[in-house]
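Open the model in a viewer and keep the selection tool at hand. The stops below run from a sheet to a ring pair and then to a cavity.

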Amino acid sequence: YYILLWRTVLCTGVILHSCPNQMSLLFAMKNYTQAEHFYLNHNKFEGTIPSEVFLLSNLQFCDISYNFISGTIPSEIGISSHRDLVLSSNRLEGTIPDEVYKNGLDQLQDLKLDHCNLTGTLSTRIGKLSGLQNLHLQNNAFLGRLPSELGQLQSLMSIRLNGNDFTGSIPDEMCQLQGPNTLTTAVADCAPQEETGAPAQIDCNMDTCCTSCCEADTGICVSV
């Protein structure tokens, strides 16, 4: 394993990778209060996400994916100034807190919450994340219809929705974002389920919107 610090006078960047032992996430972060970058992915961190993560005023990039972190996403996330927030592949629970959609996160570009056991619906307030470029929610337990407010994400490049229980259809407003510089990747469970003979879980036109359709029962995806 390795620890890499840069600009060490203020320690504005921390990489901690492949630690062989379980340790508290708060323990790893508490000495680096001026950090702008935390890359703590692929370790064995356990416990819950400490609210202190979102109280670090300088922190812009936070990647704590591929750990054993449990519990809910703290409500303090709404007062953070993150540009990239990557929590993928942890053992979380609950839903995306409403605080995510408050003004403090309008500069958020990457929100990756895939493979986290999250539940609930996708809020109509998602459109408030006006700077969002990548939204990865695949392989959770989200349900319900997708809000038309996804079409307000004018900077959106990649959205991955497969492996959930979304129903209905991909909003036309979101499909209209497709262009040479926007929405180049859109993945959903829009393929018929061959093993059971069931229809696609969600409707999405692969010619005009989705770039890849997956089978909800097998997870197999087919790209355009």
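**Stop one: the sheet**

Select β11 and strand β13 (residues 141–145): the two pair in the parallel sense over two bridges. Strands are DSSP runs of E, at least two residues long, numbered from the N terminus, and two of them pair if DSSP finds at least two bridges between them. Within this pairing, Thr119 stands opposite Ala141 of β13.

This is a predicted model, in which local features need pLDDT of at least 70 and side-chain atom pairs count only at pLDDT 80 or more, while totals for chains, interfaces and linings use all residues. Residues are numbered from 1 along each chain as its sequence is written, and side-chain values use heavy atoms, with hydrogens and water left out.

Now add β15: the open sheet has three strands in the order β11-β13-β15, with parallel pairing. β11 (119–120) and β15 (165–167) are the edges; each has a single partner strand, so one side of each lacks a neighbour in the sheet.

**Stop two: the rings**

Searching the whole structure gives one aromatic pair (ring centres within 6.5 Å; planes under 30 degrees apart are stacked, over 60 edge-to-face, the rest tilted). Select Phe142 and Phe166: they are stacked, at 6.2 Å centre to centre and 10 degrees between the planes. Phe142 lies in β13 and Phe166 in β15, so the pair ties together parts 24 residues apart in sequence. Both Phe142 and Phe166 are buried (under 20% relative accessible area, 1.4 Å probe, protein chains only).

**Stop three: the cavity**

Keep Phe166 and add Leu161, Asn162, Asn164, Ala188, Asp189, Gln201 and Ile202 to show the lining of the largest cavity. A cavity is a set of points on a 1 Å grid over the protein atoms alone where a 1.4 Å probe fits but cannot get out; lining residues have an atom within 4 Å of a point. About 40 Å³ of space lies inside the largest cavity.

Methods:
1 Å grid on protein atoms, 1.4 Å probe; cavity = no way out; pocket = protein on both sides within 12 Å on 5 of 7 lines; lining within 4 Å. Points joined across faces, edges and corners; volume = space filled by probe spheres on them. Helix = DSSP H or I, 4+ residues; strand = E, 2+ residues; numbered from the N terminus. Phe/Tyr/Trp six-rings, centres within 6.5 Å; stacked < 30°, edge-to-face > 60°. Buried < 20%, exposed > 50% of the residue type's maximum accessible area, 1.4 Å probe, protein only.
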